[in-house]
Amino acid sequence: MSRIHPPAPELQVDRWLNTEAPVTLESLRGKVVVLHAFQMLCPACATHGLPQAKKTRQLFAAKDVAVIGLHSVFEHHAVMTPAALEAFVREYRYVFPIGIDRPSPGSSIPQTMRAYQFQGTPSVVLIDRQGRLRLSHFGLLDDMSLGAAIGQLAAEEFAAPLVADAVRAEEAAPGDGCGDTGCAAR
């Protein structure tokens, strides 16, 4: 039985780093999109999520797979500024496009994070070649599992029939604050 996958919501980004033009999901249609949502002060993002995104960008052909970072700040707003992010990205040599998630008026949860219903950071999203949401995972995701899921989606033809998710997201431990497996949104 096929599973219906919803279209991925468009990214709500105030500013982009590492790209001359704004990135849209529509402009990436035909590629598998790997979206890594992070906060630069999230321990699991710094030690696992962002290095995983960097490695993914290095291992998969850009013609087939697009890697995007999304700085989704829901805590410590005063210190995680665009200027601090620019320095962070430069120091760690992240060269893939990174968007700064647009703040939500009256809420600490930014707009793209809200649209994707992220539980916190790090979060990994896979979008297939047709722009459909295929995986949304909060917390640490094993490199082999992510690579297998990307490979499966990259091997699908653009007009391939729907198939079940490549990877089933394991539930991250609930709770508030930051820990070794991620930072939960409150």
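Exposed residues here are those with over 50% relative accessible area, and buried residues those under 20%.

## Model and confidence

The structure is a predicted model. Its chain has a mean pLDDT of 89, with 88% of the residues at 70 or more.

Over residues 159-174 the pLDDT stays under 50, although the model has 31 contacts beyond four places in sequence for these residues. Where pLDDT is low, the predicted coordinates should not be read in detail.

## Helix 2

Helix 2 covers residues 82-92, and Leu85, Phe88 and Val89 are buried in it. These residues span an arc of only 95 degrees around the axis, which puts them on the same side of helix 2. An α-helix has 3.6 residues a turn, so residues three or four places apart point the same way.

The face turned away from the buried side of helix 2 carries the exposed residues Ala83, Arg90 and Glu91. On the buried side, the residues of helix 2 pack against several elements: strand 1 (13-17), strand 2, helix 1, strand 3 (65-71) and strand 4 (98-101). Just after helix 2 comes Arg93, which takes a positive phi of about 60 degrees.

## Strand 6 and its partners

Strand 6 runs over residues 123-127, and 5 of its 5 residues are buried, so the strand is largely enclosed by the rest of the structure. Ser123, Val125 and Ile127 point one way from strand 6, while Val124 and Leu126 point the other way; residues of both sets are buried.

Strand 6 has strand 2 (residues 32-38) as an antiparallel partner, joined to it by 5 bridges. In this pairing Ala37 stands opposite Ser123. Strand 6 also pairs with strand 7 (residues 133-138), again in the antiparallel sense and over 5 bridges. Here Val125 stands opposite Ser136 of strand 7. The hairpin of strand 6 and strand 7 has 5 residues between the strands, and in this hairpin Gly131 takes a positive phi near 85 degrees.

## A buried salt-bridge network

Asp128, Arg132, Arg134 and Glu156 are linked in a network of salt bridges. Asp128 forms a salt bridge with Arg132, the closest N and O atoms being 2.7 Å apart, and another with Arg134 at 2.8 Å, N to O.

Three members of the network are buried: Arg132 and Asp128, and also Arg134. The relative accessible area is 3% for Asp128 and 4% for Arg134. Both values fall below the 20% limit, so both residues count as buried. Arg134 lies in strand 7, and its side chain also makes a polar contact with the side chain of His5, at 3.4 Å.

## A salt bridge between two helices

The whole structure holds 9 salt bridges. One of them joins Asp143 to Lys55, with the closest N and O atoms 3.1 Å apart. Asp143 lies in helix 4 (residues 143-155) and Lys55 in helix 1 (residues 43-59), so the pair ties together parts that are 88 residues apart in sequence.

Asp143 is partly exposed, with a relative accessible area of 32%, and Lys55 is partly exposed at 39%. In the network, by contrast, Asp128 and Arg132 are buried.

How values were computed. Residues are numbered from 1 along each chain as its sequence is written. This is a predicted model: local features need pLDDT of at least 70, side-chain atom pairs count only at pLDDT 80 or more; totals for chains, interfaces and linings use all residues. Side-chain values use heavy atoms; hydrogens and water are left out. A salt bridge is a side-chain nitrogen of Lys or Arg within 4 Å of a carboxyl oxygen of Asp or Glu. Helices (H or I, at least four residues) and strands (E, at least two) are DSSP runs, numbered from the N terminus. Buried means under 20% relative accessible area, exposed over 50%, partly exposed in between (1.4 Å probe, protein chains only). pLDDT is the predictor's confidence in each residue, from 0 to 100. Contact means heavy atoms within 4.5 Å. Two strands pair if DSSP finds at least two bridges between them. A polar contact is a pair of N or O atoms within 3.5 Å; within protein, one must be able to donate a hydrogen and the other to accept it, and residues adjacent in sequence count only if both atoms are side-chain atoms. The arc is that of the directions from the helix axis to the C-beta atoms.
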